[in-house]
Amino acid sequence: MSAQSPAPAKRIGVPDIRARKGGEPLVCLTAYDAPTARLLDPHCDLLLVGDSVGMVVHGLPNTIPVTLEMMILHGQAVMRGASRSMVVVDMPFGSYEASPEQAFSNAARILRETGAQAVKLESGVYIADTIRYLAERGVPVMAHVGLRPQAALAEGGFKAKGRNDDERARVISEAQAADAAGAFAIVIEGVAEDLAAEITGAVAAPTIGIGASASCDGQILVTPDMLGLFDWTPRFVKRYADLKALTEGAVRAYADDVRARRFPGPDQVYRITRA
């Protein structure tokens, strides 16, 4: 018998995510590169190539300057590292707002050039027609309501939503509009806990919380925040590691070894025997 390669793992898809509504919570994290995606893949149901890459990788002040080309580049990297998790790529600011046709052209490019399974877009009520347009043309769409980072300039920063009745009603209507338009999942970011629970009960699509409620159908965090790579993290983040301190310690030890000529040592150099 000839040797055969093992069958590749079945990748999680839209029907699998939809089927988790009200069931076992979805585990989601952001990913921006192949090595990290490879580490996260066995443990996550969904990896989001978020436009947060602009802030946590490129050092930008917000997500507004992120380009379509940046998202495609990072999406390609994550797809090389992940073989099991569903991969969703954020559509950056300015790539979908002008018209449903613009959104379809750019979403099709993202899916075609990265191989990802879906796109995510931030979802004011006006975006419902765009979600419907994309979904009817075979583009799976994840919606995003509540605190919308791409609207930070208009809203004066990153502010939690649901602090008054009008704001609560607006966020609920955004979620319901996205749900009715065909979004397969909805991210709920930075809202009052009871509002997130209310939205989860009001829509058919599974909800994925970030700064929302444990009653959502899943949770997502920005991976570098969760791993403790920065001095400051948002209130809703639980740090599961302190990689900043660990990295600083490793770099300090390396620098000390180089300056003391302890590195490279006998185990890190080549010795070639001449014939």
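**Close-up 1. Glu189, the residue that UniProt marks as "active site".** The label comes from an unreviewed UniProt entry, and what you're looking at is a predicted model. To find Glu189, follow strand β6, which covers residues 185-189. Is Glu189 buried or exposed? Its relative accessible area is 11%, and buried means under 20%, so Glu189 counts as buried.

**Close-up 2. The company Glu189 keeps.** Leave out residues up to four places away in sequence, and see which others Glu189 touches. One set of contacts is His144, Val145, Gly146, Leu147 and Pro149. Glu189 also touches Ile210 and Gly211.

**Close-up 3. Gly190, in the loop between β6 and α9.** Here we step to the loop that leads to α9, a helix covering residues 193-202. Gly190 has a relative accessibility of just 6%, so Gly190 is buried too. Now look for Ser213: how far apart are Gly190 and Ser213 in space, C-alpha to C-alpha? The gap is 9.4 Å, while along the sequence these two sit 23 residues apart.

**Close-up 4. A nonpolar patch on the surface.** Which residues form this patch? They're Tyr254, Val258 and Phe263, and together they have about 280 Å² of accessible area. Phe263 lies in the segment after helix α11, which spans 243-259. With a relative accessible area of 36%, Phe263 is partly exposed, because that value falls between the 20% cut-off for buried and the 50% cut-off for exposed.

Key: Residues are numbered from 1 along each chain as its sequence is written. This is a predicted model: local features need pLDDT of at least 70, side-chain atom pairs count only at pLDDT 80 or more; totals for chains, interfaces and linings use all residues. Side-chain values use heavy atoms; hydrogens and water are left out. UniProt positions are given in the numbering used here, feature names are shortened, and annotations may be inferred rather than shown by experiment. Helices (H or I, at least four residues) and strands (E, at least two) are DSSP runs, numbered from the N terminus. Buried means under 20% relative accessible area, exposed over 50%, partly exposed in between (1.4 Å probe, protein chains only). Contact means heavy atoms within 4.5 Å. Patches are made of residues with over 30% relative accessible area and no salt bridge: like charges are joined within 9 Å, nonpolar side chains (Val, Leu, Ile, Met, Phe, Trp, Tyr) within 5 Å. Accessible areas come from the Shrake-Rupley method with a 1.4 Å probe; for residues, only the protein chains shown count as cover. A salt bridge is a side-chain nitrogen of Lys or Arg within 4 Å of a carboxyl oxygen of Asp or Glu.
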